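Here are my notes on the model you asked me to look over. Have it open beside you and turn to each spot as we reach it.

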Amino acid sequence: MTRSVALLSGDLDGAVAAALIQAQGVEVFGLAFATQFSPVEDAARRSADQLQIPLRVVHPQPTEYLQLIARPRFGYGKGANPCGDCRLAMLTAAVEYLTQLEGQFVVTGEVLGQKMMGQKRSHLEMLEHHAGIPGRLVRPLSAQLLTPTLPETEGLIDRSQLLAIHGSGRRQIRELGLRFGLTGSEKGAARCRLVDPAYGQRLRAALVSQLSPAWLLPGLFEIRHHEWSEDRGLILLGRNQNENDQLGQLFQTLPTDPTILLATPIGFHGPTVLSVGLDFAEAKPRIAAGLRKKGFPAKVGERLAISDKTNDWEMQLAPESPV
Ligand code: SF4
């Protein structure tokens, strides 16, 4: 029986592409590539369940994926999203699975000319070439606009049953989703945190810093108030209770280290501060300076509790000069 591996991320496009191939009697196996910045596992599993196909979830090693973001061969999108390199890594994982299954081709939901992913013809051809599967990458949604693939010319699939969609129009894909009983998201790359320009800017600053890559948790870059001390110390301030809670959770998730400190207000409402990369003596004036910018201390005598999980300190906030 003809076998294929379909990339699934929970998007409607990928699910419809897989369904079009499945409808031709091909056995389809799903593969999801879930990074720390794009946790698509649950959404991809929903698609796989609707398609009634098995799903393999690949989690790239977080620090290796950060290296890919730091030095992308094919550049960035609007944020820190290295989509060309990332899709190549997905395809490489799909080819590995395909080889194990002794399958014949890989399927993706890419659409020629779709703005979000910059899917130009040359870009699609480049990916296929670098993934090492020339002629064995089928894009059922735009197949009739692309060069016939080997599965088409070998008669494994019928080209006339594939589509000729171009651009960002959604109508035909929605109709097919309804016909196949699929409910995937239409947001696509929006689920990937890396596409947000502000988030990407914060992450890219961290990638060129001296902080350990293992400490660069995705949640750090959701906090908007970032202050760097040269390129080795990062001070994060919560703007509201939600961010204060997030900072507390990040502190618990980060390893115990004398340069990872959490400062919380004692007896007054104010920002929680997470300091990463500075020891207590270095961090104290930076924390105080960050809080002064936010108007603290508002009253005489306001204090902070500071902890590195092993040691606890108290610090008095002073209005004029660093403590
Ligand atoms: S949007 Fe994110 S997950 Fe998707 S290809 Fe780009 S970097 Fe990878």
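1. Let's start with a pair of rings. Phenylalanine 268 and phenylalanine 296 are both buried. Keep in mind that this is a predicted model, here and in every point below. The two ring centres are 5.7 Å apart and the planes meet at 40 degrees, so this pair is tilted. Now look at where the partners come from. Phenylalanine 268 belongs to the loop between β8 (260-266) and β9 (273-276), while phenylalanine 296 belongs to the loop between α10 (280-293) and β10 (303-307), so the pair ties together parts that are 28 residues apart in sequence.

2. Stay in the loop between β8 and β9 for a moment, as threonine 272 is found there too. Is threonine 272 buried or exposed? Its relative accessibility is 7%, and buried means under 20%, so threonine 272 counts as buried. Skip its neighbours within four places in sequence, and threonine 272 is still in contact with Leu236, Leu237, Gly238, Asn244, Leu247, Leu262, Ala263, Thr264 and Pro265.

3. Next, zoom out. The protein has 10 helices and 11 strands, and its C-alpha trace spans about 80 × 35 × 30 Å along the principal axes. Of the 323 residues, 52% are buried. Among the contacts with a separation of 6 or more, 61% are between residues 24 or more positions apart.

4. The chain is divided into domain 1 (3-193) and domain 2 (209-316). Their C-alpha centres lie 40 Å apart. How many residues of each domain are in contact with the other? The count is 5 residues of domain 1 with 5 residues of domain 2.

5. Now for the inside. The largest nonpolar core has 49 residues, and those touching the most other members are Phe37, Tyr65, Ile69, Val106, Leu194, Leu203 and Leu274. Which helix gives the most to this core? That is helix α4 (residues 83-101), with 10 residues. Both domains take part: the core draws at least three residues from each of domain 1 and domain 2. There is also a second, separate core of 33 residues, and Ala17, Val26, Val28 and Ala44 are included in it.

6. Two names from the largest core deserve another look. The structure holds 7 aromatic pairs, and one of them joins phenylalanine 37 and tyrosine 65, tilted at 35 degrees with 6.4 Å from centre to centre. Why does this pair link separate parts of the chain? Phenylalanine 37 sits in the loop between β2 (27-33) and α2 (41-51) and tyrosine 65 in helix α3 (residues 62-70), so the pair ties together parts that are 28 residues apart in sequence. Both of these residues are buried.

7. Follow the rings outward from there. Phe33, Phe37, Tyr65, Tyr199 and Phe221 are linked into a cluster by ring pairs. Tyrosine 65 also has contacts that are not rings: leaving aside its neighbours within four places in sequence, the residues in contact with tyrosine 65 include Thr35, Gln36, Pro60, Cys86 and Leu194.

8. Rings also turn up under charges. The charged end of arginine 204 sits over the ring of tyrosine 76, 3.7 Å from the ring centre. Arginine 179 lies over the face of phenylalanine 180, and there the figure is 5.6 Å from the ring centre.

9. Don't skip aspartate 257, in the loop between α9 (241-253) and β8. At 22% relative accessibility, aspartate 257 counts as partly exposed. Its side chain makes a polar contact with the side chain of threonine 259, at 2.6 Å. Beyond its neighbours within four places in sequence, aspartate 257 is in contact with Trp215 and Asp308. Lysine 309 is 52 residues away along the chain, yet the C-alpha atoms of aspartate 257 and lysine 309 are separated by 7.9 Å.

10. One last stop is glutamine 114, in the loop between β4 (105-107) and α5 (121-130). Glutamine 114 has a relative accessible area of 12%, so it is buried. Its C-alpha is 6.9 Å from that of histidine 166, although the two are 52 residues apart in sequence.

Notes. Residues numbered from 1 in each chain as written. Predicted model: local features only at pLDDT ≥ 70, side-chain atom pairs only at ≥ 80, totals over all residues. Heavy atoms only, no water. Core = buried A, V, L, I, M, F, W, Y, C linked by side-chain atoms within 4.5 Å. Buried < 20%, exposed > 50% of the residue type's maximum accessible area, 1.4 Å probe, protein only. Helix = DSSP H or I, 4+ residues; strand = E, 2+ residues; numbered from the N terminus. Domains from an automatic or database assignment. Contact = heavy atoms within 4.5 Å. Phe/Tyr/Trp six-rings, centres within 6.5 Å; stacked < 30°, edge-to-face > 60°. Lys NZ or Arg CZ within 6 Å of the ring centre and 35° of its normal. Polar contact = N/O pair within 3.5 Å; in protein donor to acceptor, adjacent residues only side chain to side chain.
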